Amino acid sequence: MSSHNTEYEILVERLTAQGIDIEAVKAALKTQHIETPSWGYANSGTRFKAFAWPGAATTTQEKLDDAAMVHRMTGIAPTVAVHIPWDRPKDDDYDAMRQYAEERGIGIGATNPNVFQDDSYRLGSLGNPDPSVQAMALEHILECCEIMPKLRSNALSLWFADGTNYAGQDSLRGRKHRFERHLRTVYHHLPPGSRMLLEYKFFEPAFYSTDLPDWGTVYAWVLKLGPQAQVLTDLGHHAQGVNIEQIVAFLLDEGRLGGFHFNNRKYADDDLMVGSVNPYELFLIYNEIVDAAQGEDELARATADNIAYMIDQCHNIEGKMAPMIQSVLNCQEAYAKALLVPRQELAAAQEEGQVLRAHNILTNAFRTDVRPLLAQVREELGVPADPMSAYWASGYEEKIRSERGLADASGGFQ
Ligand code: PSV
Ligand code: MN
C-alpha cells in the first residue's frame with residue numbers, strides 16, 4: 001500500500017467520524033469542471049515586456065493540444081474558452097476547430113469576442129461615441145453568436161474595455177444608453193440554449209470611468225436583459241478588500257451567478273495563479289457555492305449547478321502549462337475543503353449565535369490536509385495521483401520546446 005493510501009484511510013476514518021459522507025465528497029469532486037483559456041497557453045506579458053517562453057503555443061491547434069494535456073493530467077479540465085479573433089480559423093472553418101478539440105478529448109466552452117484590440121476601439125466599443133465603431137463592435141459580437149453553435153459553445157462571454165479617462169470626455173448616461181441598446185440586440189441574437197456572461201472590471205484600461213465597473217451595475221444590466229444573461233465574476237476585477245464571497249452568495253441566491261474568471265492578484269489585475277495569493281478566499285467562494293448547491297433554495301441550487309468555472313490567467317514568467325495545471329489543482333483543493341464543511345453543525349452554531357464555534361467549524365475544514373483524498377480521487381478518475389510530477393516526467397515540456405521553439409507571434413487555427 002502506498003503512503004498516500006494509508007494517509008487516505010486515516011483521513012477517511014477521521015472525516016467519517018465527523019459525519020462526512022466521503023463517497024458523496026468524492027462523487028462531487030469527480031464531476032468538477034474547470035475551463036482553461038486558449039490565450040493562457042500563448043505568450044503574454046505586461047505592458048513593459050513580454051518574455052517569450054520556449055514552447056509556448058502560437059496556433060490554436062497548439063493551444064488545444066496544451067489544453068488537452070492539462071485535461072489528461074487533471075481529469076477535470078475538459079473544455080477551453082476561445083477568444084475571437086485570436087483563435088479565428090483559416091477560412092472561418094469553426095467546425096474543423098471544434099473537431100480538432102474533440103479528437104483530443106476536449107470541447108470548446110465559452111466564446112469571447114474581442115472588442116478591445118482594434119485601433120478603432122480607442123474610445124470604446126459598444127459605448128464609443130462614433131456610431132460606426134459601435135456598429136463594428138456589434139457586428140463582431142453577433143458574428144460570435146453565429147459561430148457558437150458551430151463550436152458547440154454555450155456561453156457568450158463579454159468583457160468591455162469601455163470607459164473614459166477624463167471627466168467630461170463623454171456623456172456617462174449617453175454611454176449607458178448605447179450599451180443598453182446594443183446589449184439588447186446581442187441578447188436577442190443569443191443561440192437557443194446558450195447564455196450571455198457579462199463581466200465587470202472596476203478599472204483598466206480606462207481610469208476615470210468604466211462602463212461596466214462592478215457586479216451591482218452588471219446585475220442591473222442582466223435583470224434588464226433577461227434570464228439568459230448572468231454575471232461573470234473575475235476574481236481580479238475588484239478593489240482591494242472587497243468581499244467576493246458575499247457577492248457570490250448574493251448572485252447565487254438571485255439566480256444570476258453565471259461564471260467565474262479565476263485568477264489571483266496582489267495588486268491591480270495581475271492574473272497570478274488562482275489560489276496562490278489567497279487560498280482562503282478561494283475556499284470561502286467555494287464554500288458559498290457548496291452551501292447553495294446543498295441547500296433547500298431551488299433557485300440557488302440550480303444556479304450553483306450551472307456555474308461556468310473558467311480560468312482567466314496569462315502567465316508571464318512561470319511557464320505556461322505547469323501554472324495552468326497547478327491552477328486547476330488549486331481549484332480542486334479549495335472545492336474539496338468546501339465539501340468537508342459540516343453544514344448542519346455550522347447552521348446550528350450560527351443559529352445559536354456561537355460566533356467562534358461557527359468560525360472554527362469553517363476554518364477546520366479549510367485547515368484539513370485534503371491531499372490524500374485528492375490523490376485517491378485522481379486515481380479513481382484514471383489520472384496521475386500527482387499531476388505536477390507526472391507532467392514534469394511526461395516529456396511534454398521538452399517536446400513542445402524542441403518542436404515549437406521560441407516564438408512571440410500568436411495566430412489562430414491554421
Ligand atoms: C480583461 O482584463 C479580462 O479579464 C477579460 O476577461 C478578457 O477577455 C481577458 O481578460 C483576456 O484579456
Ligand atoms: Mn476576465
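**Ligand site, pockets and backbone features**

Asp91 is placed in the loop between β2 and α4. The model described here is predicted. Within it, Asp91 has a phi near 60°, a positive value in a residue other than glycine. Most residues other than glycine have a negative phi, and most peptide bonds are trans. The loop between β2 (79-84) and α4 (94-103) also holds Pro85. The peptide bond that leads from Ile84 into Pro85 is cis, with omega near 20°.

A cis peptide bond also links Glu204 to Pro205. Its omega is about 5°. Pro205 belongs to the loop between β6 (195-199) and β7 (209-210). Glu204 appears again in the lining of the largest pocket, as one of the residues closest to the pocket centre.

The largest pocket is the place where ligand 1 sits. The pocket has a volume of about 1400 Å³. It is lined by 41 residues, of which Gly45, Glu204, Asp269, Asp271 and Cys314 are the closest to its centre. By class, the lining comprises 16 nonpolar, 13 polar and twelve charged residues.

Which residues surround ligand 1? The aromatic side of the shell includes Trp39, Trp86, Phe116 and Trp159. Three histidines, His83, His237 and His261, are also among the surrounding residues. Glu199, Lys201, Asp234, Asp269 and Asp312 complete the list. Sorted by class, this shell has four nonpolar, three polar and five charged residues. Asp269 thus has two roles in the description: it surrounds ligand 1, and it is listed with the residues closest to the centre of the largest pocket.

Polar side-chain atoms of three shell residues approach oxygen atoms of ligand 1. For Glu199 the distance is 2.8 Å. For Lys201, the polar side-chain atom lies 2.9 Å from a ligand oxygen. For Asp234, the corresponding separation is 3.1 Å. Taken alone, ligand 1 exposes 310 Å², and the protein buries 87% of that area.

The second largest pocket holds about 510 Å³ of space. Its lining has 26 residues, and those closest to its centre are His33, Asp305, Asn306, Ile307 and Tyr309. Four elements each give two or more residues to this lining: β3 (107-113), α9 (279-293), β10 (308-311) and α11 (321-339). Which element gives the largest share of the lining? The largest share comes from α9, with four residues. In class terms, the lining of the second largest pocket divides into 14 nonpolar, eight polar and four charged residues.

Key
Residues are numbered from 1 along each chain as its sequence is written. Chains are lettered from A and ligands numbered from 1 in the order in which they are written. This is a predicted model: local features need pLDDT of at least 70, side-chain atom pairs count only at pLDDT 80 or more; totals for chains, interfaces and linings use all residues. Side-chain values use heavy atoms; hydrogens and water are left out. A residue is near a molecule or strand if one of its heavy atoms lies within 4 Å of it. A polar contact is a pair of N or O atoms within 3.5 Å; within protein, one must be able to donate a hydrogen and the other to accept it, and residues adjacent in sequence count only if both atoms are side-chain atoms. Accessible areas come from the Shrake-Rupley method with a 1.4 Å probe; for residues, only the protein chains shown count as cover. On a 1 Å grid over the protein atoms alone, a cavity is a set of points where a 1.4 Å probe fits but cannot get out, and a pocket is an open set with protein on both sides within 12 Å along at least five of seven lines; lining residues have an atom within 4 Å of a point. A molecule sits in a cavity or pocket if more than half of its atoms lie within 2 Å of its grid points. Ala, Val, Leu, Ile, Met, Phe, Trp, Tyr, Cys and Pro count as nonpolar, Asp, Glu, Lys and Arg as charged, and the others, Gly among them, as polar. Grid points are joined across faces, edges and corners, and a volume is the space filled by probe spheres set on the points.
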